[in-house]
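Got the viewer open? Keep the selection box handy, and we'll walk through this one stop at a time.

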Amino acid sequence: MRIDANGKKILLIDDEASKGWEDCLRSIFVGCSKDDFNVVKDNISDYKDLPKYVTSRIDRDDYDLYLVDLRLLGNSEEDIIMTSQFSGFKLLIDILKKNKGNQVIFMTASNKAWNLKNIMSEG
C-alpha cells in the first residue's frame, strides 16, 4: 500500500531506522521530498536528546506526521513494564504538549499486546 505524501512533512524517530524501516516507510509515504522526510536514528531518551533542527521544526508545528518507535533506547528498555516509562512514549508526551492535534503513528517490534492497550488508555 502506498500513501500520497506529496507536500507533507514527516518525522521518523527510530533508533533502528537504518535496519530497513526508513526505506520501508519511505516506500509507503510516496511523493514526500527528501527534505520533508526527516529521520532521527539516534538513541533518544526524551525531547532534549533530539537534534536542534528537529526540535525547532516541532516547536514551529512544522510536521504533518510523526512516526515514533516505542523503544528508542534498544535493549536497555527490555525490562520496562510500565508503558509510560518507554522513551518513545515520553517523547510523544513532549511532542503532544506542543500541539495536541499532532498526528502520530506509534511503531514497535514488540509482541506485547499490553503495550498498545496501555498507550491507548493513556490517550
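Before you click anything: two strands count as paired if DSSP finds at least two bridges between them. With that in hand, select β2 and β4, which run parallel and are joined by 4 bridges. One more thing to keep in mind as you go is that this is a predicted model.

**Colour by confidence**

Start with pLDDT. The average over the protein is 88, and 89% of the residues score at least 70. Where does the confidence peak, and where does it bottom out? The high point is β2, at 97, while the low point is helix α4 (residues 113-121), with a mean of 65. Low pLDDT is a signal not to read the predicted coordinates in detail. That's the spirit in which to look at helix α4, given its mean of 65.

**The sheet**

Now show the strands. You should see an open sheet of 4 strands, ordered β4-β2-β5-β6 and paired in parallel. Which strands stand at the edges? They are β4 and β6 (104-107); each has a single partner strand, so one side of each has no neighbour in the sheet. Turn the view to look along the sheet, and you'll find a twist that averages 15 degrees from one strand to the next.

Zoom in on β2 and turn on its side chains. I10 and L12 point one way and L11 and I13 the other way, and all are buried. Stay on L12 for a moment and look to both strands that pair with β2. In β4, L12 has V39 as its bridge partner; in β5, the bridge partner of L12 is L67. The pairing of β2 with β5 is parallel and made of 4 bridges.

From L67, carry on to β6, where I105 is its bridge partner. The strands here, β5 and β6, also run parallel, with 4 bridges joining them.

**The helices on the sheet**

Add α1 to the view. This helix packs on the sheet and touches β2, β4, β5 and β6, and its direction makes about 160 degrees with that of β4. Next comes α3, which also packs on the sheet, touching β2, β5 and β6. The direction of α3 makes about 175 degrees with that of β6.

While you're on α3, pick out S87, which sits in this helix. Is S87 buried or exposed? Its relative accessible area is 2%, under the 20% cut-off, so S87 counts as buried. Select what surrounds it: setting aside neighbours within four places in sequence, S87 is in contact with I44, S45, L70, R71, L72, L73 and E77.

**The salt bridges**

Time to show the charged side chains. Those of opposite charge can pair when their charged atoms come close. How many salt bridges are there in this model? The count comes to 12, and three of them make good stops.

Select K9 and D62, whose side chains meet in a salt bridge at 3.3 Å, N to O. They bring together distant parts of the chain, 53 residues apart: K9 is in the loop between β1 (3-4) and β2 (10-13), and D62 is in the loop between α2 (52-59) and β5 (65-69). K9 has a relative accessible area of 25%, so it falls in the partly exposed class.

Move to E22 and K41, another salt bridge, at 3.0 Å from N to O. These two are 19 residues apart, with E22 in helix α1 (residues 21-28) and K41 in the loop between β4 (37-40) and α2. E22 counts as buried at 13% relative accessibility, whereas K41 is partly exposed at 38%.

Then go to K98 and D59, where the closest N and O atoms are 3.2 Å apart in a salt bridge. This pair links helix α3 (residues 87-98), home of K98, with helix α2, home of D59, across 39 residues. Both ends are partly exposed, K98 at 42% and D59 at 46%.

To finish with the charges, select K9, D36, R57, R60 and D62 together: salt bridges that share partners join them into one network.

**Last stop: the cysteines**

Which cysteine is buried, C24 or C32? C24 counts as partly exposed at 33% relative accessibility, while C32 is buried, with a relative accessible area of 14%. A search of the whole structure for disulfides finds 0.

Methods: Residues are numbered from 1 along each chain as its sequence is written. This is a predicted model: local features need pLDDT of at least 70, side-chain atom pairs count only at pLDDT 80 or more; totals for chains, interfaces and linings use all residues. Side-chain values use heavy atoms; hydrogens and water are left out. A salt bridge is a side-chain nitrogen of Lys or Arg within 4 Å of a carboxyl oxygen of Asp or Glu. Buried means under 20% relative accessible area, exposed over 50%, partly exposed in between (1.4 Å probe, protein chains only). Axes are lines fitted to C-alpha atoms, for helices over the stretch in contact, and angles run from 0 to 180 degrees between N-to-C directions. Contact means heavy atoms within 4.5 Å. pLDDT is the predictor's confidence in each residue, from 0 to 100. A disulfide is a pair of cysteine sulfur atoms within 2.5 Å.
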